[in-house]
Amino acid sequence: MIEYFTSALVLDAEDVGELDKRVFLYTKELGKVVAKAKSARKITSKLAAYLEPFNFIKIRLIEKNGFQVVDALNFGKIEISPENFAFLQFIKEMTFELQPDKKLWFYLRRKKFSYRQVLKIFGFDPDFAGCRVCAKNPVAYFSKTDQIFFCRQCVARGFKIPKNDLILLEK
Ligand SMILES: [Zn+2]
């Protein structure tokens with residue numbers, strides 16, 4: 001049984017069974033971690049409030065048939081908004097478990113997010129990318145599934161791209 005203590009941003013949380021939770025964390029030391037929190041939904045559990053998206057927490061985890069949350073302390077929060085929720089989902093989808101990236105961690109700590117900036121950290125720099133369809137216009141969208149860029153014009157022309165897969169890059 002290995003114990004870890006690290007800082008984390010809660011990206012997402014799901015209910016499991018009657019009382020448990022599954023939390024998706026981006027941690028400073030371990031990168032993305034999916035951990036189970038036993039009895040986290042008991043009304044008396046302080047943990048329940050901390051293990052919600054948008055919270056920065058100091059967390060104690062043990063690894064024993066997967067990660068389990070032992071304890072957590074809140075030390076900050078990002079603004080609760082649909083935009084930030086979508087951004088946290090994006091981080092959850094774009095990262096791999098147990099691949100820490102300090103650059104990403106310190107970016108998340110800034111609490112102000114831009115898809116352009118974070119895509120650079122992921123190695124997809126929009127400034128050097130071309131539209132996959134026309135290859136000439138500046139890019140305005142990023143496809144999460146295919147990890148390619150499109151320009152505004154090609155998307156507006158209805159080139160076949162599932163809309164829910166597209167991230168609009170702010171200027
Ligand atoms: Zn184009």
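The accessible surface of this chain adds up to about 9600 Å², and 52% of that belongs to carbon and sulfur atoms. Keep in mind that you're looking at a predicted model. The chain has 171 residues, and 47% of them count as buried. Here's a quick tour, from the whole chain down to a handful of single residues.

**The whole chain**

- Picture a box of roughly 55 × 30 × 30 Å along the principal axes: that's what the C-alpha atoms fill.
- You'll find five helices and eight strands here.
- Walk along the sequence and the elements come up in the order β-β-β-α-β-β-α-α-α-β-β-α-β.
- Take the contacts with a separation of 6 or more: 49% of them come from residues 24 or more positions apart.
- On the charge side, there are 30 positive and 20 negative charges, and their mean positions sit 4 Å apart.

**Two domains and where they meet**

- The domain assignment splits the chain into domain 1, covering 1–113, and domain 2, covering 114–171.
- Measure from one C-alpha centre to the other and domain 1 and domain 2 lie 28 Å apart.
- Contacts across the boundary involve 14 residues of domain 1 and twelve residues of domain 2.
- Between them, the two domains bury about 1100 Å², with 75% of it on carbon and sulfur atoms.
- On the domain 1 side, the residues that lose the most area to domain 2 are Phe-90, Met-94 and Tyr-107, which together make up 53% of what that side buries.

**Leu-169, a buried residue**

- Leu-169 sits in the segment after β8, the strand that spans 166–168.
- With a relative accessibility of just 2%, Leu-169 falls under the 20% cut-off, so it counts as buried.
- Leaving out neighbours within four places in sequence, Leu-169 is in contact with Tyr-115, Arg-116, Leu-119, Pro-126, Val-139, Ala-140, Tyr-141, Phe-142 and Phe-149.
- Two of the elements behind that list are helix α4 (115–121) and strand β6 (139–143).
- Leu-169 and Gln-117 are 52 residues apart along the chain, yet their C-alpha atoms are separated by 9.7 Å.

**Glu-63, at the end of a strand**

- Glu-63 belongs to strand β4, which runs over residues 55–63.
- Its relative accessibility is 29%, so Glu-63 counts as partly exposed.
- Setting aside residues up to four places away in sequence, Glu-63 touches Met-1, Ile-2 and Tyr-4.
- Trp-105 is another story: 42 residues separate Glu-63 from Trp-105 in sequence, and their C-alpha atoms are 21 Å apart in space.

**Two loop residues with positive phi**

- Asn-65 has a phi near 55°, a positive value in a residue that isn't glycine.
- You can spot Asn-65 in the loop between β4 and β5, the latter covering 67–77.
- Asn-65 is exposed, because its relative accessible area is 81%.
- Ala-135 also isn't a glycine, and it has a positive phi of about 60°.
- Ala-135 lies in the loop that links α4 (115–121) and β6 (139–143).
- A relative accessibility of 62% puts Ala-135 over the 50% cut-off, so it counts as exposed.

Technical notes: Residues are numbered from 1 along each chain as its sequence is written. This is a predicted model: local features need pLDDT of at least 70, side-chain atom pairs count only at pLDDT 80 or more; totals for chains, interfaces and linings use all residues. Side-chain values use heavy atoms; hydrogens and water are left out. Helices (H or I, at least four residues) and strands (E, at least two) are DSSP runs, numbered from the N terminus. Buried means under 20% relative accessible area, exposed over 50%, partly exposed in between (1.4 Å probe, protein chains only). Contact means heavy atoms within 4.5 Å. Accessible areas come from the Shrake-Rupley method with a 1.4 Å probe; for residues, only the protein chains shown count as cover. Lys and Arg count as positive and Asp and Glu as negative; His and the chain ends are not counted. The place of a charge is taken as NZ of Lys, CZ of Arg, CG of Asp or CD of Glu. Domain bounds come from an automatic or database domain assignment. Buried area is the accessible area (1.4 Å probe) that two parts lose on being put together, summed over both.
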